[in-house]
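Q: Could you take me through this model feature by feature, giving the general idea each time and then the case at hand?

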Amino acid sequence: MTPLQRYIAEEIATDHAEGLFSRREALRRLGLMGIGTPAAVALLAACGESAKQAAPSTTAAPSASPSAPPPGKATAVPSTAITLPGPDGRTLQAAWAQASAPKGGVLVIHENKGLTDHIRSITGRFAGVGYSALAVDLLSEEGGTATFTDDAAATAALSKIPNDRFVADLRAGLAELGRRVPGKKLGATGFCFGGGLTWLLLTSATPELAAATPFYGPFPDGGQFTGSKAAVLAVYGALDTRVDATRAAAESALDQAHLPHDTYVADNADHAFFNDTGARYQPTAAAEAWKRVIDWYGKYLA
């Protein structure tokens, strides 16, 4: 398995260990990825043991007011579906949200379920605070996320795409974003799997990025920032020990590249704490992370 495939498989096993779905469902999802039953059973057992060891430190997250809208949603603008030219003559699908007077542009990189309504909402939230935003559907070649009626099938399809195609499609997204906000600086924000792809993009020589804010994404093995000029704000959840294990490598590589960078580790927050449609949503941490991201882009994009 590639590192991103391993990350997706471990995420499925961790979700099962934390009770988000049944053993049968976990085995089905791992099977869709092409992982045989013996290997899948071993992975579930290993992640279940890790979850037990971490349990004493996982405390309930404090909640913000239940009536408070998710961060940025109150001022969000609607996104629209567009197509754009991709590599090798392919056509890519995307969600686009235009700010009324853009201060910069942000490429939004989706989670392992594809281009969902939640990710479309994120593009609109960025546009609502002055950053025109674009989210590429990384399943465009497979017909688009909407063609998958089962999010497990979408996840499995993403797990089989090579990294070089992800990078090429995301670069096409940056090129389109540059055309739509000419003369403005560009940033990239990705979540979970998309956070890992944000790191992958940054370590694949992308000087067109002035800033990036990866959310709880795994740092690529041996990643280096050669050719990157981006100022990076890395966001993690304190309870997300699996992804946090790669944080030291990311910070060391950023230090070696002498790039401006900072790290926000949200207290009492787990993986995917920003996703207000998910079981691990933590509104207090999400609000603080959003504030820090907007402040970061205000410094390095506007």
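A: Let us begin with a single side chain and its surroundings, keeping in mind throughout that the model is predicted. Leaving out residues up to four places away in sequence, Leu-202 touches Leu-209, Ala-212, Phe-225, Ser-228, Ala-230 and Val-232.

Q: Where is Leu-202 placed, and is Leu-202 buried or exposed?
A: Leu-202 belongs to helix α7, which covers residues 193-202. Its relative accessible area is 0%, and because buried means under 20%, Leu-202 counts as buried. A separation in sequence can also be set beside a separation in space: Leu-202 and Tyr-297 are 95 residues apart along the chain, and their C-alpha atoms are 16 Å apart.

Q: What do I learn by reading a loop residue such as Ser-140 in that way?
A: Ser-140 sits in the loop between β4 and α5 (151-159), and with a relative accessible area of 9% Ser-140 is buried. Not counting residues up to four places away in sequence, Ser-140 touches Thr-91, Leu-92 and Gln-93. The C-alpha atoms of Ser-140 and Val-265, by contrast, are separated by 33 Å, with their positions 125 residues apart along the chain.

Q: How many helices and strands does the protein chain have, and how does its radius of gyration relate to the globule rule?
A: The protein chain has 10 helices and eight strands. Its radius of gyration is 18 Å, close to the 19 Å that the globule rule gives for 302 residues, so the chain is as compact as a globular protein of that length. Along the principal axes, the C-alpha trace spans about 55 × 45 × 40 Å.

Q: What share of the residues is buried, and what share of the contacts joins residues 24 or more positions apart?
A: Of the 302 residues, 52% count as buried. Among contacts with a separation of 6 or more, residues 24 or more positions apart account for 71%. As for the surface, the protein chain exposes about 12400 Å², of which carbon and sulfur atoms supply 54%. The chain carries 26 positive and 29 negative side chains, and the centres of these two sets lie 4 Å apart.

Q: How should I check the geometry of a helix, taking α1 as the case?
A: The general idea is that an α-helix has 3.6 residues a turn, so residues three or four places apart point the same way. For its length, the 15 residues of α1 (residues 3-17) should span 21 Å at 1.5 Å a residue, and the end C-alpha atoms are 21 Å apart, which agrees. The buried residues of α1 include Leu-4, Ile-8, Glu-11, Ile-12 and Asp-15.

Q: Which residues is Gln-5 in contact with, once its neighbours within four places in sequence are left aside?
A: Gln-5, which is found in helix α1, is in contact with Met-33, Ser-159 and Lys-160 on that count. The C-alpha atoms of Gln-5 and Val-243 are separated by 14 Å, although these residues are 238 positions apart along the chain.

Q: What covers the buried residues of α4?
A: Helix α4 (residues 117-128) is mostly covered, with nine of its 12 residues buried, among them His-118, Ile-119, Arg-125 and Phe-126. The cover includes the strands β2, β3 (104-109), β4 (131-136) and β5 (186-190), together with helix α10. From its first C-alpha to its last, α4 reaches 16 Å, close to the 16 Å expected at 1.5 Å a residue.

Q: Which residues take a positive phi, and where are they found?
A: The general idea is that most residues other than glycine have a negative phi. Two glycines with a positive phi follow helices: Gly-19, just after α1, at about 80°, and Gly-130, just after α4, at about 105°. Asp-88 is not a glycine and yet has a positive phi of about 55°; it is found in the loop between β1 (80-85) and β2 (91-97), and at 77% relative accessibility Asp-88 counts as exposed. Asn-268, likewise not a glycine, also has a positive phi of about 55°. Asn-268 is found in the loop between β8 (261-266) and α10 (283-300), where it is partly exposed, with a relative accessible area of 30%.

Notes: Residues numbered from 1 in each chain as written. Predicted model: local features only at pLDDT ≥ 70, side-chain atom pairs only at ≥ 80, totals over all residues. Heavy atoms only, no water. Helix = DSSP H or I, 4+ residues; strand = E, 2+ residues; numbered from the N terminus. Rg over C-alpha atoms; globule rule 2.2 N^0.38 Å. Buried < 20%, exposed > 50% of the residue type's maximum accessible area, 1.4 Å probe, protein only. Contact = heavy atoms within 4.5 Å. Areas by Shrake-Rupley, 256 points an atom, 1.4 Å probe, with all protein chains shown as cover. Lys, Arg positive; Asp, Glu negative; His and termini not counted. Charge placed at Lys NZ, Arg CZ, Asp CG, Glu CD. Expected span 1.5 Å × (residues − 1).
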